[in-house]
Amino acid sequence: MKLILAPMEGVVDFKMRELLTDLGGFDLCVTEFVRVVDLTLPRRVFVRYCPELLNGGLTRSGTPVRIQLLGQVPHVLAANARKAVKLGSHGIDLNFGCPAKTVNKSKGGAVLLKEPEQIYQIIKAVREAVPEEHVVSAKIRLGFDDDANSCEIVDAVQSAGASSLAIHARTKRDGYRPPAYWEKIPPLLERLTIPVVANGEIWQIEDAIRCQQQSQCQDLMLGRGALATPDLAAKIKAHVQARTYKPLDWQEVVYHIVNSSMHQDENVSEKYFSARTKQWLGYLKLQYPEAHDLFEEIKRLKAKSDVVTVLQKYAKSPSLDSNHNI
């Protein structure tokens, strides 16, 4: 089983990838999408989205990171993909799943699911531009308004030469509303010879096992579930490998927030850490009841120093190392 940290725009940035991979369990991270329009982007843009490029394309704990590109012009995406792997990205991922209206209006993300031929041309151009030893993966949904053309979509992905495919088992119209339709993946697998990763509604170990069974995919991609339970990947891996594992308790989660260094970034505004912490608590509330009370305590605070002071009252250092290992 391989577990991949999903690209989540505005959420899973460098600091979040660093923290979640420190906790263990992940085999790969995919960056937030890098929007490509009509130019080959300068090095500084790639490094801004993926500071791990300065560390051999690896997180602090050694997890490989793959840059995700979003756009519609094949030759421009190809040029940017070629540059990204030269800079150290562990392959290239192509976004055909983002449901955001602003992205879709610009003919990017999930709207391309309406045009399998365009998906084919994009992947083909990128595959031809990127050296063979580098993976070119794609992330899709089952379709746009419905899944009527899902077979045509996956055929386009494979015939264009993609190395692997991640399927978010919902349509664009479904958004993020449960359920995820894992059972709709197996008919697509019958058409594919490339590896397929299942994504959507994996919040607990039990969800991961059911997803594997219903999707018939060995490998999984975790998104919001990993934000709600920061050590979810480690828990799943321990279960699958029949290892004893001590899950993080609430005070240890708070400790990791405090020590994530998100509040030490001088390149962002004073309110950044406060906003990010409140955003994250919105996910943590789903698994940790204590997150409700903490949110109430900091919801009116804006200065990072004030938020950190409150967090430190509840933080408890884990009795484990930085990778949550004995």
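At what angle do helix 13 and helix 14 pack, and how far apart are their axes? I began my notes on this predicted model with that question.

**Entry 1: the helix pair.** I located helix 13 at residues 290-298 and helix 14 at residues 304-314. I found that the two pack at an angle of about 150°, with their axes 10 Å apart. Because angles over 145 degrees count as roughly antiparallel, I entered helix 13 as roughly antiparallel to helix 14. I recorded the crossing of helix 13 with helix 14 as right-handed.

**Entry 2: the residues in that contact.** I next looked up which residues meet. From helix 13, I listed Leu294, Glu297 and Ile298. From helix 14, I listed Val307, Val310, Leu311, Lys313 and Tyr314. I noted that the residues of this contact divide into six nonpolar, no polar and two charged.

**Entry 3: aromatic rings.** How many aromatic pairs does the count come to? I obtained one aromatic pair. I identified its members as Trp250 and Tyr288, whose ring centres lie 5.5 Å apart. Their planes stand at 40°, so I classed the pair as tilted; planes under 30 degrees apart would count as stacked and those over 60 as edge-to-face. I placed Trp250 in helix 11 (residues 250-258) and Tyr288 in the loop between helix 12 (272-284) and helix 13. The pair therefore ties together parts that are 38 residues apart in sequence.

I then asked whether each partner is buried or exposed. I found Trp250 buried, with a relative accessible area of 9%. I found Tyr288 buried as well, with a relative accessible area of 10%.

**Entry 4: a cis peptide bond.** I turned to the backbone. I noted a cis peptide bond joining Pro178 and Pro179, with omega about 5°. I placed Pro179 in the loop between strand 6 (164-168) and helix 7 (186-189).

**Entry 5: positive phi values.** I looked up Glu201 and read a phi near 60°, a positive value in a residue other than glycine. I located Glu201 in the loop between strand 7 (196-199) and helix 8 (205-215). At 15% relative accessibility, Glu201 counts as buried, because the cut-off for buried is under 20%.

I also looked up Ala242, and its phi is near 55°, again a positive value in a residue other than glycine. I located Ala242 in the loop between helix 10 (232-240) and helix 11. Is Ala242 buried or exposed? I entered Ala242 as exposed, with a relative accessible area of 72%.

Note on methods: Residues are numbered from 1 along each chain as its sequence is written. This is a predicted model: local features need pLDDT of at least 70, side-chain atom pairs count only at pLDDT 80 or more; totals for chains, interfaces and linings use all residues. Side-chain values use heavy atoms; hydrogens and water are left out. Axes are lines fitted to C-alpha atoms, for helices over the stretch in contact, and angles run from 0 to 180 degrees between N-to-C directions. Helices (H or I, at least four residues) and strands (E, at least two) are DSSP runs, numbered from the N terminus. Angles under 35 degrees count as roughly parallel, over 145 as roughly antiparallel, 65 to 115 as roughly perpendicular and the rest as oblique. A crossing is left-handed if the near helix is turned anticlockwise from the far one by less than a right angle, and right-handed if clockwise. Contact means heavy atoms within 4.5 Å. Ala, Val, Leu, Ile, Met, Phe, Trp, Tyr, Cys and Pro count as nonpolar, Asp, Glu, Lys and Arg as charged, and the others, Gly among them, as polar. Rings of Phe, Tyr and Trp (its six-membered ring) pair if their centres lie within 6.5 Å; planes under 30 degrees apart count as stacked, over 60 as edge-to-face and the rest as tilted. Buried means under 20% relative accessible area, exposed over 50%, partly exposed in between (1.4 Å probe, protein chains only).
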